[in-house]
Amino acid sequence: MNRIPMTANGAERLRRQLEQLKSVERPQVIEAIAEARAHGDLSENAEYHAARERQGFIEGRIASIDEALATAEIIDVAKIDAGSKIVFGATVELFNLHSEQEVRYQIVGEKEADIDQGLLSVTAPIARAMIGKEQGDVIEVNAPGGIIEYEVLSVAYSG
């Protein structure tokens with residue numbers, strides 16, 4: 001079985017989400033299904049069908065998180081000693097040379113990536129372009145709109 005890299009923080013976030021799904025959301029949806037069943041004819045009961053759909057989503061998410069945690073190789077980012085090189089787990093501040101905007105990303109595993117939180121999948125094109133670079137380097141990312149250049153402003157490793 002292939003192990004998939006995941007930060008310790010990412011694993012903890014997934015464990016919390018799993019606990020929420022199992023202890024709060026799953027019981028709520030089971031209760032909603034039971035209540036909808038009590039209303040009679042299930043073939044035309046929109047509440048029942050919505051609750052069953054929600055149940056399917058919750059069970060699918062539980063299975064997905066279980067699998068992600070089971071196959072994870074959990075890496076404590078605070079213990080990484082890569083010097084100034086960008087590797088998995090690095091938090092990197094970049095300066096977009098075209099838009100003149102700064103962005104900050106942490107390179108994380110695929111299952112914990114959340115671009116809105118600044119968590120960038122190690123398989124994303126920009127992350128792949130950063131790997132091995134250092135502060136002061138300029139990286140080029142092939143984006144749908146063309147090549148985008150970023151200057152690496154800082155590289156840090158913290159849990």
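Visitor: How many bridges join strand β4 to β5, and in which sense do the two strands run?
Guide: This is a predicted model. Strand β4 covers residues 102-108. It runs parallel to β5, and the bridges joining them number 3.

Visitor: Which residue in β5 is the bridge partner of Q106?
Guide: β4 and β5 are joined by bridges, and Q106 has its partner in β5. That partner is L119.

Visitor: In what order do the 5 strands of the open sheet lie?
Guide: The pairing in this sheet is mixed. β4 and β5 run parallel, whereas β3 and β4 run antiparallel. The edge strands are β5 and β6 (138-143), each paired on one side only. From one strand to the next the twist averages 45°. The order is β5-β4-β3-β7-β6.

Visitor: Which residue in β4 is the bridge partner of V92?
Guide: Strand β3 spans residues 91-96 and is joined to β4 by 5 bridges. The two run antiparallel. V92 has its bridge partner in β4, and that partner is Y105.

Visitor: Which residue in the turn between β3 and β4 has a positive phi?
Guide: β3 and β4 form a hairpin. Between them lie 5 residues. In the turn, a phi of about 60° belongs to E100.

Visitor: Which residue in β7 stands opposite N96?
Guide: Strand β7 takes in residues 146-156. It pairs with β3 in the antiparallel sense, over 6 bridges. Opposite N96 in β7 stands Y150.

Visitor: Is S121 buried or exposed?
Guide: S121 is found in strand β5, residues 119-121. Its relative accessibility is 12%. Buried means under 20%, so S121 counts as buried.

Visitor: With which side chain does the side chain of S121 make a polar contact?
Guide: Leaving aside neighbours within four places in sequence, S121 is in contact with V108, G109, E110, A113 and A127. The polar contact is with a residue outside that list. It spans 2.8 Å, side chain to side chain, and the partner is T123.

Visitor: Where does α1 bend, and by how much?
Guide: Helix α1 runs over residues 8-37, 30 residues in total. From its first C-alpha to its last it reaches 42 Å, close to the 44 Å expected at 1.5 Å a residue. L21 is one of its buried residues. The bend is at L21, by about 35°.

Visitor: What covers the buried residues of α1?
Guide: The buried residues of α1 include G10, L14, L18, E25 and I33. The elements covering the buried residues include two strands and a helix: β1 (4-7), β2 (72-75) and α2.

Visitor: How far apart are the end C-alpha atoms of α2?
Guide: α2 has 25 residues. At 1.5 Å a residue they should span 36 Å. The distance agrees with this: 36 Å.

Visitor: What covers the buried residues of α2?
Guide: The buried residues of α2 are Y48, A51, Q55, I58, I62, I65, A68 and L69. α2 is among the elements covering the buried residues of α1. For α2, the cover includes β1, β2 and α1.

Visitor: How far apart in space are G60 and G10, C-alpha to C-alpha?
Guide: G60 lies in helix α2, residues 46-70. With a relative accessible area of 39%, G60 is partly exposed. G10 is among the buried residues of α1. The two are 50 residues apart in sequence, and in space 19 Å.

Notes:
Residues are numbered from 1 along each chain as its sequence is written. This is a predicted model: local features need pLDDT of at least 70, side-chain atom pairs count only at pLDDT 80 or more; totals for chains, interfaces and linings use all residues. Side-chain values use heavy atoms; hydrogens and water are left out. Helices (H or I, at least four residues) and strands (E, at least two) are DSSP runs, numbered from the N terminus. Buried means under 20% relative accessible area, exposed over 50%, partly exposed in between (1.4 Å probe, protein chains only). A polar contact is a pair of N or O atoms within 3.5 Å; within protein, one must be able to donate a hydrogen and the other to accept it, and residues adjacent in sequence count only if both atoms are side-chain atoms. Contact means heavy atoms within 4.5 Å. Two strands pair if DSSP finds at least two bridges between them. Axes are lines fitted to C-alpha atoms, for helices over the stretch in contact, and angles run from 0 to 180 degrees between N-to-C directions. The expected span of a helix is 1.5 Å times one less than its number of residues. The bend at a residue is the angle between axes fitted to the seven residues ending there and the seven starting there.
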